[in-house]
Amino acid sequence: MKPRTLGRKGLEVSTIGLGCMGMSDFYGPASETEAVATIHRAIERGVLLFDTADMYGPFKNEALVGRALAGRRDRVVLATKFGNVRTADGGWLGVNGRPEYVRQACDASLKRLGVDHIDLYYQHRVDKQVPIEDTVGAMADLIRAGKVRHLGLSEASPRTITRAHAIYPITALQTEYSIWAREVEDEILPTVRGLGIGFVAYSPLGRGFLTGRFGSPADIPAGDSRRTAPRMSGENFAKNFTVVEKLRELAAEKGVTAGQVALAWVLAQGDDVVPIPGTTARAHLDENVDAVDIVLSASDLARIDAAAPKGTTVGARYAEHGMNSIDT
């Protein structure tokens, strides 16, 4: 797999990474045995970037990823996140970007992961009550202490990104980006590109929606958070599903899957964009990795743009609570 580089400090990663959240949380039960096998398979296929967070599980996902990477640590780029604070039983306590919490969260993540350093450490959500300069200053102290190698932000606004980058070089911004979530194209992508910051696209498959896995809201299992997601609920589902039908048409012509076309589209947005599709199974991992070899022509991209122009997706990306946590 060809490498891609994030940020001016030159963090080399794979063309796509692996999002590990669903192995422990939000999308219903998953087999830990298969999850570990999937992580191992990803390494075999050349995936370098593995993404987790302390809130996933909560806390369980970092431990799972740490176990899976034991003995393989030197072959991967390990990314985790802090800032969304949860209790052990899954309760939500809000966002915390205070310097003392940054240090506390990092030490706890290092222990759960079983490593001596984190390659890419993100602030998961911006704490609107704490100056970003204070949070990033504390994160930079972690680099000076040898606990972290690169800094990242997630779902930050252009103004926050610029202020943070002035304190310490930000290597990557992680934000949702896919055919049905193109909001970043207006201001965020131009901002990070102007500053030389890489872009990590989470949910590049629209939380699985763009694969066509779900034919109706009823297909989403009970206990899966996507069951109440605005874009997958009620009338919004049917309206948004027209995009999937168009992707299927193009995919059939190319002999690939709709999900692979959706990933190829994200990959075509620039060499500074690295998608991190999540999966809990080796078969889906292989399908995702194979998407790096799909070349979309200018005509293909124009077809997709006509089928899913920016701003036409119906429904918010998250429910109200989730949208309120995003820095704007």
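These legends accompany close-up views of a predicted model.

Residues are numbered from 1 along each chain as its sequence is written. In this predicted model, local features need pLDDT of at least 70, side-chain atom pairs count only at pLDDT 80 or more, and totals for chains, interfaces and linings use all residues, while side-chain values use heavy atoms, with hydrogens and water left out.

**View A. Two cysteines, Cys20 and Cys106, without a bond.**
The whole structure holds zero disulfides. A disulfide here is a pair of cysteine sulfur atoms within 2.5 Å. Why is Cys20 unpaired? The closest cysteine sulfur, in Cys106, is 18 Å from the sulfur of Cys20, so it is too far for a bond. The reverse view gives that distance again: from Cys106, the closest cysteine sulfur is in Cys20, at 18 Å. Cys20 is buried at 0% relative accessibility. Cys106 is buried too, with a relative accessible area of 0%. Buried means under 20% relative accessible area, exposed means over 50%, and partly exposed lies in between (1.4 Å probe, protein chains only).

**View B. Helix H3, residues 99-113.**
Helices (H or I, at least four residues) and strands (E, at least two) are DSSP runs, numbered from the N terminus. H3 has 15 residues, which at 1.5 Å a residue should span 21 Å. The expected span is 1.5 Å times one less than the number of residues. The end C-alpha atoms of H3 are 21 Å apart, in agreement. Which residues of H3 are buried? They are Tyr101, Val102, Ala105, Cys106, Ser109, Leu110 and Leu113. Seen down the axis of H3, these buried residues fall within an arc of 165 degrees, so they line one face of the helix. The arc is that of the directions from the helix axis to the C-beta atoms. Gln104 and Lys111 are exposed on the other side of H3. Pro99 also lies in H3. Pro99 is partly exposed, at 23% relative accessibility.

**View C. The largest cavity and its lining.**
Rolling a probe the size of a water molecule over the atoms shows where empty space is left. A cavity is a set of points, on a 1 Å grid over the protein atoms alone, where a 1.4 Å probe fits but cannot get out. Grid points are joined across faces, edges and corners, and a volume is the space filled by probe spheres set on the points. The count is one cavity of 30 Å³ or more. The largest cavity has a volume of about 30 Å³. Which residues line the largest cavity? Trp180, Arg207, Ala229, Pro230, Arg231, Met232, Ala316 and Arg317 do. Lining residues have an atom within 4 Å of a point. This lining divides into five nonpolar, no polar and three charged residues. Ala, Val, Leu, Ile, Met, Phe, Trp, Tyr, Cys and Pro count as nonpolar, Asp, Glu, Lys and Arg as charged, and the others, Gly among them, as polar.

**View D. A cis peptide bond from Gly57 to Pro58.**
The bond is cis, with omega near -10 degrees. Pro58 sits in the loop between strand S4 (49-51) and helix H2 (60-69).

**View E. Positive phi at Glu155 and Ser203.**
Glu155 is not a glycine, yet its phi is near 55 degrees. The loop between strand S9 (148-154) and helix H5 (158-167) holds Glu155. Is Glu155 buried or exposed? At 3% relative accessibility, Glu155 is buried. Ser203, also not a glycine, has a positive phi of about 50 degrees. Ser203 lies in the loop between strand S11 (198-202) and helix H7 (234-254). Ser203 is buried at 15% relative accessibility.

**View F. Sequence separation and spatial distance, C-alpha to C-alpha.**
Ala88 and Phe59 are 29 residues apart along the chain, and their C-alpha atoms are separated by 7.4 Å. Ala88 occupies the loop between strand S6 (84-86) and strand S7 (92-95). Ala88 is exposed, with a relative accessible area of 64%. Ile170 belongs to strand S10 (residues 170-176). Ile170 is buried at 3% relative accessibility. The C-alpha atoms of Ile170 and Gly7 are separated by 7.1 Å, with their positions 163 residues apart along the chain. Pro99 and Lys60 are 39 residues apart in sequence and 24 Å apart in space. Val243, in helix H7, is buried at 11% relative accessibility. The C-alpha atoms of Val243 and Ala105, 138 residues apart along the chain, are separated by 40 Å.

Technical notes
1 Å grid on protein atoms, 1.4 Å probe; cavity = no way out; pocket = protein on both sides within 12 Å on 5 of 7 lines; lining within 4 Å.
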